[in-house]
Each structure stands twice: as C-alpha cells, then as structure tokens.
Amino acid sequence: MTLTTINIEEVKTSVDASLKELEQELRELNYQIWSNPELAYQEHRAHDTICDFLEGQGFSVTRHAYGLDTSFEVLSGTDGRLINFNAEYDALPGIGHACGHNLIATSSIAAFLALSFAIKKFGIPGRTQLLGTPAEESGGGKAKLIDAGAYKNVDISLMAHPGPKKIYPDQEPSDGIAGTSMNARKNIYCEFTGRNAHAGGNPWEGINALDALVSSYNNVAVLRQQLLPDQRVHCAFLDTPKVVNVIPAYTKAFWQVRSPTLKGLNTLIGKLRNCIEAGALATGCQVKIDEDELYTDVRLNDTLCERYQVHMGQYGRNVLKRHDKVLTASSDIGNVSYETPTLHTMFAIPAPPTSFPHHPTFAAAAGTDEAHAEALIVGKSLALIGWDMIVENDMYDVARRQWKNEIMREEYMHF
C-alpha cells in the first residue's frame, strides 16, 4: 500500500476502532490519575500507572527518562518524521486536578496509541514519541527535558489542554480554540540582608530588611498603573520576621512576572529589578536577585490550528481556529514551541458556567465520564494531525516555514 492510495477516511476509521477497543482501559487510566493527584516532580503513582499501561500494550517504555524521576518516553515506528505528544499529569496543591492534567495525559496517550497503530497498520514510514512531562504547574518539566535533548529530533509537537466552553469573556461558547496565545513567565526570588538590632533599645544600629521588602512591594504597586493590560506581577513573602522586638536582618520574596511576549517579559523584569533594588538602596540593605524557570510565550502555527479545526469538525465539534487575545496563563509548552512547530490547543469540557481551571469546580468536572469522552475525541484529532504531518509533504513544509518565519520575526523584534 502506498501513501497515495490511503484515504484519510480509512485512517480515521482505524483511529476510531483502535481507541474503541481501549476505551475502558483508558477510562480507568484517566480515573487513576485524577483520583490520586500528585504535585510537581512527585507524580510517582501517575508515572508508574501510565508506564504499566503502555507496557501492557506492548510498547517499550523508558522510565525516569532524561534524568527526571517522574518523566518517561515511549518511541514507536521507524524512519520518517517524528511526531511528539506531551502527557502532563501533575496536580495543584489542595485542589487536585483543577487544571485537568489527567485529561491532557489521556488525550496525548490516546493520540500516541492511535497514530502508532495506524502507522503500523498501513505500513508507512513515520515515528511517534510520547513524553511524560512532569511539573508543568511549577517546575518547568518541559524546559528541563529540552535541555536534556528530549525534543532534539522532534518534527512536530502536539498536545491539548481542557477548559470551559467560554475561555475568554468576550468569546462565544465553543468546543474549544485551536490556537491560544499565552503569556511568557518567569520567577524572580529576592533576598534582603540587613543588620539586627534591638527594636526598642537601639533601632538606629539596625538595617531593616523588612522595610526593604515592603518598600520594594510598594514600588511595584506604583509600577502597576504602567503595566500593559495583559501583563501580570504576583508576589509571595517567603521569609519575614517572627518577632517584633528585633530589627530584622533577613527577608525573602518570590515574584512571578508575565507578559504576552518574551521581549515584553524581559523589559518588565528589568523594571521589577529596579523596584527591588530601590527598596534595598533606600534602606541600606544588600539584595540578591535570582531569576528562575522561564516559560516562553507560545508560538501559534496556523497550519496545525487549521488541521485541528478540520479534524474536530469531523467529530461534530465547533472549534475556533484562534483567538487574538492573549490568555494570561502560562505553560512550558511555550518553550517547546521555540524548538519545533507546536500545537497547544484548548478543548472544552462540560463544566458549570462559572468554572475555570484552577478552581475546585473544574477539578470535579475534569473527573467526569463526559470530560473523558471529549479527551478521547481530542486524542483522535491529534492523531489525525500527526498523520497529516507525516504523509502530506507540502502541508508539513508550510507548517515548518510558518514556524521559521515566526522565529525570524521574533529575532527582528529583538534587534
């Protein structure tokens, strides 16, 4: 059988049939992840459950892949283009899978299986990769996997994230959005060091690290009126005085900064640094500033977005191709989109009208049979996009060219 004789409807039928046979096992896998939420880099049960399942399907699994204890890798096929699927499975403190990562894992696993089986059935050259990508919520698992070479030979990267029917306030309800821009994000830690003194007896001998911390916070509060509408700055005080009768010599804060573009993020970080350093200067404290965990913005790819819209339409789902407004969340899939053409789509699950990711009501919605059914449909569509990228040379070339043009545009903007 040659590529020119394989009809996409035949492939769709194969994809549907292969996942139909695994429907109950995939539902149980989903349930096990959802009902046992684990935090970043602690997803040991999810890791083992997924790996056991994949080995049961006859795949060779590399556990604890690329130096990350809760990552894994599965490869299938020989020769041809490599299509990557990303499985997330970390949860949130106190509210479990309120971001629906159990559904991300389910859709990516389903897509990997369906495309792998189709490649084998039709005997075409093509390869698939399923990566277990821990610590998306906090810890930047994909960034670490990039550094370790996990995406080095990937031609196309695909994944999907659950959300409500209405992601943006001004949006008509839909079954999802193929392309959603997301903010670049970075963490900033600052430590102020001063000098202790008796707060009542000789306070003039002290250098107050709490004053430095509060001053820096107030400086940022003044800065906020100059922030762009989609920019965000968050702060948590990590180490503050526990007694009142001593001038404190040490404080620590954790800042998180978001901006729609990497260039905008770097500019905003420079302003934040000025606010922090001004607090130190005003009080006479020393300050140490560390930057950590960069999540870049997401490079949208029109070809991948269009193919997702088409394939979801074949399953009766009304999906918007893209939305121009930036979603003020962030994800380390953005880092992947700087490495290779990437699709990070949002798909709708049944949820209360006011429910949104990172809320307990969304955790409940993510565990339902209805949400699982949507994840499987999304997995089928991702598998069909993978097929397109393997067999449709012209389409693949356009996707790669769009990605390269985005890189050149970003470089020009930096210049």
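**Exercise 1. Work out whether C305 is buried or exposed in this predicted model, and whether it sits in a disulfide.**

Start with accessibility: C305 has 2% relative accessibility, so it counts as buried. The cut-off for that label is under 20% relative accessible area. Next, look for a partner sulfur. The nearest cysteine sulfur to C305 belongs to C99 and lies 19 Å away. A disulfide needs two cysteine sulfur atoms within 2.5 Å, so C305 is in no disulfide.

**Exercise 2. Do the count of disulfides, then check C235.**

By the rule, the count comes to zero disulfides. For C235, the nearest cysteine sulfur is that of C190, at 6.9 Å, and C235 is in no disulfide. Now the surface side of things: C235 has 27% relative accessibility, so it counts as partly exposed. That label covers values between the 20% and 50% cut-offs.

**Exercise 3. Lay out the domains of the protein chain and describe how they touch.**

First, the bounds. Domain 1 is given as 8–182 + 298–412, while domain 2 is 184–293. Second, the spacing: taken over C-alpha atoms, the centres of domain 1 and domain 2 are 37 Å apart. Third, who takes part? Domain 1 puts 12 residues into the contact and domain 2 puts in nine. Last, the area: about 780 Å² is buried between domain 1 and domain 2, and carbon and sulfur atoms give 42% of it.

**Exercise 4. Find the salt bridge and the polar contacts between domain 1 and domain 2, then sort the residues on the domain 1 side.**

Begin with the charged pairs: the count between domain 1 and domain 2 is one salt bridge. As for D230 and K325, they form a salt bridge, with their closest N and O atoms 3.6 Å apart. The cut-off is 4 Å, so a distance of 3.6 Å qualifies. Then go to polar contacts: the rule finds two residue pairs across the interface, both at pLDDT 80 or more. Finally, sort the side of domain 1 that touches domain 2: four residues are nonpolar, five polar and three charged.

Definitions and conventions:
Residues numbered from 1 in each chain as written. Predicted model: local features only at pLDDT ≥ 70, side-chain atom pairs only at ≥ 80, totals over all residues. Heavy atoms only, no water. Domains from an automatic or database assignment. Contact = heavy atoms within 4.5 Å. Buried area = accessible area lost by both parts, 1.4 Å probe. Salt bridge = Lys/Arg side-chain N within 4 Å of Asp/Glu carboxyl O. Polar contact = N/O pair within 3.5 Å; in protein donor to acceptor, adjacent residues only side chain to side chain. Nonpolar A, V, L, I, M, F, W, Y, C, P; charged D, E, K, R; others polar. Buried < 20%, exposed > 50% of the residue type's maximum accessible area, 1.4 Å probe, protein only.
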